[in-house]
Amino acid sequence: MTDTARTQTDLERQIAQASQDVKQAPSPIDQNTTQTAVKDIVEAYPAKVGKKRAKHIVVRDPNQPEQTIDANVRTTPGIITQRGCAFAGCKGVVVGPIGDVVHIVHGPVGCSYYSWLIRRNQFRARANGRNFVNYCFTTDLTEHDIVFGGMTKLRQAIQEAYDIFQPPAITVHSTCPVGLIGDDIQGVSREMSEKLGISIVAFNCEGYKGVSQSAGHHIANNGFFKNWVGTNEAAEEVEGYTVNLMGEYNIGGDTWEIERVLEKCGIEVISKFSGDGSYDEATESHLAKLNLVMCHRSINYMADMMETKFGIPWIKVNFIGVNAFAKSLRKIAEVFDDPKLTERIETVIAEEMAETEAQLATYRERLTGKTVFLFVGGSRAHHYQELFADLGMKTVVAGYEFAHRDDYEGREALPNIKIDADSRNIEEIHVKQDPERYKPPFSEEALAKMEENKTLKDYKGMMPDMGEGTLLVDNISHHELDVLIERFKPDLIGSGIKDKYVIEKLGIPCKQLHNYDYGGPFAGFRGAVNFAKDVDLRVNTPVWKYVKAPWLN
């Protein structure tokens, strides 16, 4: 390495330590206030409901490594939360971002509109020019179809979409009414697939399946794996350092910033599930040597199945935050274990960190000491803590909308998670080793060593990264959010669209981290600078002191 690179690495070390100190710092909210808030939240409910909700609220105590939290259970009827349904998880989150495929919603037009473009997934057309992400395809079921069935309409919709757009594949997504009337979307899709000669995959992702959108993620993973992954058996092996990018949905262009840096390091992305993803690339994804899992909750199923069938190992990464990105790149270098690649990655980190730090320093001066609540998706409430810590901002309360216990407590919790009726409602695919295509890219000894070091297929969850006295709240309700805002008075809340305007009417700026409020990209090095500028504009504008919630006296 050059002297310049060594100097930049020293700078990086200082920044990384400062970020770690912020993340692990105790909560600045005094413990009496925190304990009183939790007590008041729980006591406001009927006794039975309060007892249940208390298991979803945990005050972090690093001296108790065995702390647990309840998650992935049904929301008590009557409580307003931020969760989505299984259809939103399947069509809206995981399958929808594949840009050169037509995605048909079989259901009323209201469900279709809800899943159309709300996430701001972006897609660049490949050489064939196909890009359908700006379209909304629906069978528009009406009362007549609910009584007499909608399968004829579905056949017509598939035929019409094929005639007009000539897509390489079509997906069909059922909503609640379709499940209730029993339309055979699997049969119609098979029939039309044989007629048209293209892949048509049906997802029985009715909204009521599972307790949240998490069920839809699982259904989407199963559909991809059974119908697309590895189906291009003629594809030739790709030399070099090849990866699949999983659980990254290219909101605001995040995937493109991640790819820019990976390519600069000499790492080729074979396929993406599913932001900026394409059908052809998905069918060749079995050729990658390593799977990079961003959102653990939405796609860990796929990573496990690909490892079992093809021998592709996976690692958990986080590309949100400057230091997080650097750590993830070094994890990739550790897996490939090639001195040339490692040197290249270190050079890229040094260059990118120096450029990024020069731009972040001013924002950090204005943001250090500010406090944050985070209630976002599967892994985002964890990932964004890294980026806020880079800016000197402390996350004091965090939770997920649809997580399972392992997203909080780490994968060591998996053997202790009880399989309930809602989980059994989702198909479990029994995957076997492919006798011809199972080709682990690394030796047995190397894989065993990486597993022992917890490099491979490990995720420690959000809990260990939260400092003493911080609060974890799973599936937060509007009542709970109101109490915590009143008592803790955060400087910013990172959340979703359903609660954004309630929060801002209380005079607290809300950064929408599901579709980015038309900003982005926020991933990677350049994304961190975009994010810092956006957050600074929100937090430091004087307008908030003039806002008074209309429902308060």
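This briefing describes the overall build of one chain and the packing of two of its helices.

The model is predicted, so that local features need pLDDT of at least 70 and side-chain atom pairs count only at pLDDT 80 or more, while totals for chains, interfaces and linings use all residues. Residues are numbered from 1 along each chain as its sequence is written, and side-chain values use heavy atoms, with hydrogens and water left out.

**Overall build**
- The secondary structure of the chain comes to 22 helices and 14 strands, taken as DSSP runs (H or I of at least four residues for helices, E of at least two for strands) and numbered from the N terminus.
- The radius of gyration of the chain, 23 Å, agrees with the value near 24 Å for a compact globule with 553 residues, the rule being 2.2 Å times the number of residues to the power 0.38, over C-alpha atoms.
- Along the principal axes, the C-alpha atoms of the chain fill a box of roughly 65 × 65 × 45 Å.

**Burial and contacts**
- Of the 553 residues in the chain, 60% are buried, meaning under 20% relative accessible area with a 1.4 Å probe and protein chains only.
- Among contacts (heavy atoms within 4.5 Å) with a separation of 6 or more, 77% join residues 24 or more positions apart.

**Helices α7 and α9**
- Helix α7 (residues 151-165) and helix α9 (residues 185-196) pack at an angle of about 35°, with their axes 10 Å apart, where axes are lines fitted to C-alpha atoms over the stretch in contact and angles run from 0 to 180 degrees between N-to-C directions.
- Residues of α7 including Leu154, Ile158 and Tyr162 meet a set in α9 that includes Val188, Met192 and Leu196.

Notes
Buried means under 20% relative accessible area, exposed over 50%, partly exposed in between (1.4 Å probe, protein chains only).
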